[in-house]
Amino acid sequence: MQERIFDHLFKFARELMIDAGEQIRTSFQKELTIDFKENRSDLVTDMDKQIERFFIENIQKSYPDHRILGEEGFGDIITSLDGTIWIIDPIDGTMNFVHMQRHFAISVAIYHNGVGIIGLIYDVAQKDLYYAIKGQGAFMNDRKLPALMPIDIGDAVIGVNSAWVFEKKRIKEGIIPNLINNLRGTRSFGSAAIELAYTASGKIDGYISLRLSPWDYAAGKILIEEVGGKISSINGEPLTMLTKQSPVFAAKPGLHESILNNYLKK
């Protein structure tokens, strides 16, 4: 019975994702209204707001008992994970959306009593949909993703958020440069959702960011865990969906433990 409910929820969420993606692609030819939140690099557009409202209106119409946590603040005030909660980032990577119309994503996760049951990340420009249903594996465009395999740190490519250059409170100075010196390489795509989807699909071997909120990683967490990857705080603690601005580290099995114990916890 529960699997049928999850499948129905997934189909509904997937339809919303595809529709929202089409709305965003159509906006490429229009002039955006751009504002910023805490600083000029923290952008928000009229499309961010339109897409979040689109999800909320449709979810409330079909599932009025579900609650919604959205980045732009149009959903509910969430103080507990009881019941069914949708965690939505309408456009993750807004700066990329504004400047390049590439490397941004819609991220939607559905949690039930604190457990992630459905995660979807839609790379809108590429039309690549990454998704997972708990216990059924993870997929990209209906192709099942293989289980992630261990890799040596010297062969690993990790997505690294540039915030570590400036952040001194969240991690000891020198730890990230030392880690980078021992990797094969690093990449930065400017969208946490995409980098977590890339980790789940094996395009990169891991991702580290010092400042993420639940809507940035809620869906990616579900995908990564469905293929055997690991995701936690940079101290190895479980992630919470109620805490903003958390440091997050995700990687292949084995690699996660190695980097955590030999670099991040030092």
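Which residues form one aromatic cluster? The cluster consists of F10, Y131 and F139. The model in which it appears is predicted, and this report describes its overall make-up, its sheets, the helices packed around them and its aromatic pairs.

## Overall make-up

The chain contains seven helices and 14 strands. Of its 266 residues, 53% are buried. Among contacts between residues at least 6 apart in sequence, 63% join residues at least 24 apart. The accessible surface of the chain comes to about 12400 Å², and carbon and sulfur atoms account for 47% of that surface.

## The seven-stranded sheet

An open sheet is formed by seven strands in the order β3-β4-β5-β6-β7-β8-β9, with mixed pairing. At its edges stand β3 (67-70) and β9 (143-144); each has a single partner strand, so one side of each is left without a neighbour in the sheet. Within this sheet, strand β6 (residues 115-123) and strand β7 (residues 128-133) run antiparallel and are joined by six bridges. Opposite G119 stands A132 in β7. Helix α2 (residues 46-62) packs on the sheet, where it touches β3, β4 (84-92) and β5 (105-112). The direction of α2 makes about 155 degrees with that of β4.

## Strand β10 and its partners

Strand β10 (residues 157-160) has V157 and G159 pointing one way and I158 and V160 pointing the other way. All of these residues are buried. Strands of a sheet pair through backbone hydrogen bonds, either parallel or antiparallel. For β10, the pairing with strand β11 (residues 185-187) is parallel and extends over three bridges; the bridge partner of V157 in β11 is G185. The pairing of β10 with strand β12 (residues 206-212) is likewise parallel, over three bridges. There, V160 has I208 of β12 as its bridge partner.

## Helices α4 and α7

The loop between β10 and α4 (175-182) holds G174. Which class does G174 fall into, buried or partly exposed? Its relative accessibility is 38%, so G174 counts as partly exposed. Although G174 and Y263 are 89 residues apart along the chain, their C-alpha atoms are separated by 9.8 Å.

In α4 itself, I175, I176 and L179 are buried. These three cover an arc of only 90 degrees around the axis, which puts them on the same side of α4. An α-helix has 3.6 residues a turn, so residues three or four places apart point the same way. The buried residues of α4 pack against β10, β12 and α7 (255-264).

In α7, the buried residues are L255, H256, I259, L260, Y263 and L264. Seen down the helix axis, they fall within an arc of 125 degrees, so they line one face of α7. Their cover includes β10, α4, β12, β13 (230-232) and β14 (246-251). The two helices thus share a setting: α7 is among the elements against which the buried residues of α4 pack, and α4 is among those covering the buried residues of α7.

## Aromatic pairs and the surroundings of N96

The structure holds nine aromatic pairs. One of them joins F54 and F55, whose ring centres are 5.7 Å apart with planes at 75 degrees; since an angle over 60 degrees counts as edge-to-face, the pair belongs to that class. The pair formed by F189 and Y198 is also edge-to-face, at 5.0 Å centre to centre and 90 degrees between the planes.

The table gives the relative accessible area of residues in these two pairs, together with N96.

| Residue | Relative accessible area | Class |
|---|---|---|
| F54 | 15% | buried |
| F55 | 0% | buried |
| F189 | 21% | partly exposed |
| Y198 | 11% | buried |
| N96 | 11% | buried |

F189 counts as partly exposed because its 21% is not under the 20% cut-off for a buried residue.

N96 is placed in helix α3 (residues 94-99). Which residues does N96 touch, not counting those up to four places away in sequence? They are Q101, R102, H103, F189, G190 and S191. F189 therefore appears both as a contact of the buried N96 and as the ring partner of Y198.

Note on methods:
Residues numbered from 1 in each chain as written. Predicted model: local features only at pLDDT ≥ 70, side-chain atom pairs only at ≥ 80, totals over all residues. Heavy atoms only, no water. Buried < 20%, exposed > 50% of the residue type's maximum accessible area, 1.4 Å probe, protein only. Helix = DSSP H or I, 4+ residues; strand = E, 2+ residues; numbered from the N terminus. Pairing = 2+ DSSP bridges. Contact = heavy atoms within 4.5 Å. Areas by Shrake-Rupley, 256 points an atom, 1.4 Å probe, with all protein chains shown as cover. Axes fitted to C-alpha atoms, helices over the stretch in contact; angles between N-to-C directions. Arc of directions from axis to C-beta. Phe/Tyr/Trp six-rings, centres within 6.5 Å; stacked < 30°, edge-to-face > 60°.
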